[in-house]
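Me: I'd like to learn how to read a structure like this one feature by feature. Can we go through it together?

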Number of protein chains: 2
Amino acid sequence: MKCSKCGAIAVINMRQHRRRLCAEHLVEWFMTFTQRAIDKYDMFAPEDRVLVAVSGGKDSLALWDVLLKLGYQAEGLYIGLGIDEELGYSDKSLEMCHRFVSNHHPDAVLHVVDVGEEYGQAVPHLARTRLRGQGRPCSVCGLVKRHIMNRVALHGSGDGGFSAIATGHNLDDEVAVLLQNTLHWQTGYLARQAPVLAERNGLARKVKPFVRFYERETAAYVLVLGIDYIYDECPFAQGATTSYTKELLNELELKSPGAKQQFYLEFLRARDAGKVVFAERASVELHPCVRCGQPTTAGDMCAFCRLWE
Amino acid sequence: MKCSKCGAIAVINMRQHRRRLCAEHLVEWFMTFTQRAIDKYDMFAPEDRVLVAVSGGKDSLALWDVLLKLGYQAEGLYIGLGIDEELGYSDKSLEMCHRFVSNHHPDAVLHVVDVGEEYGQAVPHLARTRLRGQGRPCSVCGLVKRHIMNRVALHGSGDGGFSAIATGHNLDDEVAVLLQNTLHWQTGYLARQAPVLAERNGLARKVKPFVRFYERETAAYVLVLGIDYIYDECPFAQGATTSYTKELLNELELKSPGAKQQFYLEFLRARDAGKVVFAERASVELHPCVRCGQPTTAGDMCAFCRLWE
């Protein structure tokens with residue numbers, strides 16, 4: 001298998017792009033294609049300060065790496081969830097982030113918020129003891145992460161805010177969510193799912209520069225660059241609906257290469273062109289939480305602050 | 001496994017309905033549920049003459065059987081496509097229709113149109129020799145069937161027309177089409193897919209009373225009633241995209257019972273409620289074909305008539 005650009009040995013065959021690339025040209029293509037997504041969806045500019053949510057996994061580390069190489073002011077945010085489960089999951093994840101910085105970008109800034117230290121209880125304990133967590137730790141975890149990301153994005157570590165939160169969601173992630181939302185015709189979610197969520201009423205702008213990359217492409221990128229990352233899935237996420245949906249979509253892709261990409265990009269195109277219109281959820285009044293000040297639709301106190309009551 | 005209604009041995013477990021039924025109560029439920037679909041979607045009334053498109057397969061024979069038992073004026077239409085492929089496929093299919101009539105409804109009227117006899121060439125020959133058929137005999141076959149069904153529905157066998165064409169499409173069929181259309185965001189098709197297509201400009205009304213039945217439910221119905229049918233899939237349909245889509249959906253259903261039903265019914269509900277709006281294809285002028293008089297969007301002559309040029 002030869003590189004489509006230079007004839008050297010290719011490390012990846014991307015059937016949906018009809019392209020095979022060697023390590024060098026993969027890295028080049030990957031960076032160019034990220035830049036194009038940033039431009040196409042008008043995500044942020046070089047003068048913007050961008051907060052990259054890093055988990056220690058391949059997608060978020062690849063994203064941080066590319067943004068730094070492209071010259072963006074990208075700082076990392078690691079949220080310590082306190083997930084151990086006899087695997088030291090969270091500790092290892094943080095270690096991967098530190099290793100990434102020291103091996104690849106020694107000058108990069110990594111913000112770390114440890115949920116247990118800062119708020120008194122880690123996510124597994126919250127999930128076990130709060131009604132919201134019963135049988136679904138991912139729900140508590142998502143709430144905690146969204147709150148902290150938003151807090152740091154708006155105010156930084158006391159050093160001013162960021163223009164956007166960038167997450168490493170890839171095409172496989174987005175397509176799995178899209179299929180789930182479509183199978184249930186969750187029109188409110190379908191109206192909003194997008195590579196960019198604009199800032200509104202105290203909620204920071206969110207961008208996903210990797211929405212057009214297949215997971216295997218980000219995996220190849222970190223592999224050829226020797227970026228070490230945490231391979232294991234979160235022990236709580238096992239058996240999650242999205243994992244199953246991803247399996248189904250992988251079968252589809254195998255049978256019909258490019259099917260995932262087409263499903264997602266055609267969705268965006270058809271919606272942008274008004275060929276499909278999804279009703280937004282009835283707009284609910286957002287007001288500031290009396291305790292933390294972040295916007296909420298609930299009563300006086302937001303769902304995050306109620307976790308600690 | 002016991003019948004949810006009478007405690008007798010159940011022959012089917014319908015997890016999405018949380019119901020297990022014995023042979024007797026399955027038949028009762030099946031008839032009631034068909035009647036409810038006819039009412040819910042306002043398909044036809046007892047005074048209407050209904051043309052049931054029968055292929056000799058389980059779904060269409062079950063449909064004809066139920067409609068007759070419910071007291072509707074249902075006549076059958078069998079279209080002889082001339083598919084042999086060393087299996088005598090079409091001959092066997094017709095034989096099943098005749099056997100159904102003589103064993104179950106000796107007074108029922110079966111109209112037979114043999115494509116080869118009436119038009120000079122059977123479908124396999126057309127598919128081999130016409131541009132439209134190259135590599136996709138199903139396209140020619142669909143065109144021929146739609147034309148003949150419409151012709152007979154509008155004019156009968158010289159004995160006046162029918163109020164509607166009823167086809168045996170079941171939930172599995174509809175969901176496979178829905179998923180295909182959704183994966184490609186074919187908004188024009190998504191705007192139109194429905195249990196009822198209204199009559200318009202010379203195109204007969206089409207109804208699908210079985211859209212809420214899983215294939216295994218119609219299979220159980222014909223089994224307990226001893227209705228014999230052609231088991232084999234059409235030899236030309238093997239490997240068709242819908243077969244593959246059905247496999248994927250079966251995996252989904254196994255993991256999440258009721259998922260198919262929910263996908264389809266939520267689609268109809270969301271669209272009816274205006275929560276999702278699909279743009280119709282730009283409305284094209286329909287005019288009568290100069291040869292057959294059926295409506296066409298093409299030039300002077302419709303696609304069916306051009307087959308014979």
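Me: Where do we start with strands: in which sense do strand 6 and strand 8 of chain B pair, and over how many bridges?

Reply: One caution before that: this is a predicted model. Strand 6 (residues 164–166) and strand 8 (residues 206–207) of chain B run parallel to each other, joined by 2 bridges. Within that pairing, B:Ile165 sits opposite B:Lys206 of strand 8.

Me: And what packs on the sheet from the helices of chain B?

Reply: Helix 6 (residues 137–155) of chain B does, touching strand 3 (49–53), strand 4, strand 5, strand 6 and strand 8, with its direction at about 145° to that of strand 4.

Me: In what order do the strands of that sheet in chain B come?

Reply: The order is 5-4-3-6-8-7, so to speak the map of an open sheet of 6 strands with mixed pairing. Strand 5 (110–114) and strand 7 (196–197) of chain B are the edges; each has a single partner strand, so one side of each lacks a neighbour in the sheet. Helix 3 (residues 89–104) of chain B also packs on the sheet, touching strand 4 (73–80) and strand 5, and its direction makes about 165° with that of strand 5.

Me: Let's try a strand in chain A. How many residues of strand 4 of chain A are buried?

Reply: The count is 7 of the 8 residues in strand 4 (residues 73–80) of chain A, so the rest of the structure largely encloses this strand. Strand 3 (residues 49–53) of chain A runs parallel to strand 4 of chain A, and 5 bridges join them. Take A:Leu51 as an entry point: its bridge partner in strand 4 of chain A is A:Glu75.

Me: On to charges. Which residues make a salt bridge within helix 2 of chain B, and how far apart in sequence are they?

Reply: Look for a spacing of about one turn. B:Asp65 and B:Lys69 both belong to helix 2 (residues 58–69) of chain B and lie 4 residues apart, about one turn of the helix. Their side chains meet in a salt bridge at 2.8 Å, N to O. B:Asp65 is buried, at 1% relative accessible area, whereas B:Lys69 is partly exposed at 38%.

Me: How far apart are the closest N and O atoms of B:Glu95 and B:Arg99?

Reply: They are 3.5 Å apart, and the two residues form a salt bridge. Here too the spacing is about one helical turn, with B:Glu95 and B:Arg99 sitting 4 residues apart in helix 3 of chain B. B:Glu95 is partly exposed at 39% relative accessible area, and B:Arg99 is partly exposed at 29%.

Me: Which salt bridge links distant parts of the chain?

Reply: Try B:Lys246 and B:Asp173, whose closest N and O atoms are 2.6 Å apart in a salt bridge. B:Lys246 is in helix 10 (residues 241–255) of chain B and B:Asp173 is in helix 7 (residues 171–183) of chain B, 73 residues apart. B:Lys246 is partly exposed, with 22% relative accessible area. Salt bridges can also share partners, as they do in the network of A:Lys58, A:Asp59 and A:Glu215. Over all chains, the structure holds 26 salt bridges.

Me: What about a charged residue with no salt bridge: is B:Arg212 buried or exposed?

Reply: B:Arg212 is buried and has no salt bridge; B:Asp39, the nearest side chain of opposite charge, is 8.7 Å away. You'll find B:Arg212 in the loop between strand 8 and helix 9 (215–225) of chain B. Beyond its sequence neighbours, its contacts include B:Phe33, B:Arg36, B:Tyr41 and B:Glu217.

Me: How is the size of an interface often given?

Reply: It's often stated as the accessible area lost when the parts come together. Here chain A and chain B bury about 2,300 Å² between them, with 70% of it on carbon and sulfur atoms. In chain A, A:Leu183, A:Trp185 and A:Tyr244 lose the most area to chain B, together 31% of what that side buries. The contact takes 23 residues from chain A and 23 from chain B, with 0 salt bridges between the two chains.

Me: One last residue: where is A:Cys3?

Reply: A:Cys3 is in the segment before strand 1 (12–14) of chain A, and it is buried at 4% relative accessible area. Leaving out close sequence neighbours, A:Cys3 touches several residues, among them A:Ile9, A:Leu21, A:Cys22 and A:His25.

Conventions:
Residues are numbered from 1 along each chain as its sequence is written. Chains are lettered from A and ligands numbered from 1 in the order in which they are written. This is a predicted model: local features need pLDDT of at least 70, side-chain atom pairs count only at pLDDT 80 or more; totals for chains, interfaces and linings use all residues. Side-chain values use heavy atoms; hydrogens and water are left out. Two strands pair if DSSP finds at least two bridges between them. Contact means heavy atoms within 4.5 Å. Axes are lines fitted to C-alpha atoms, for helices over the stretch in contact, and angles run from 0 to 180 degrees between N-to-C directions. Buried means under 20% relative accessible area, exposed over 50%, partly exposed in between (1.4 Å probe, protein chains only). Lys and Arg count as positive and Asp and Glu as negative; His and the chain ends are not counted. A salt bridge is a side-chain nitrogen of Lys or Arg within 4 Å of a carboxyl oxygen of Asp or Glu. Buried area is the accessible area (1.4 Å probe) that two parts lose on being put together, summed over both. Lists of a residue's contacts leave out its neighbours within four places in sequence.
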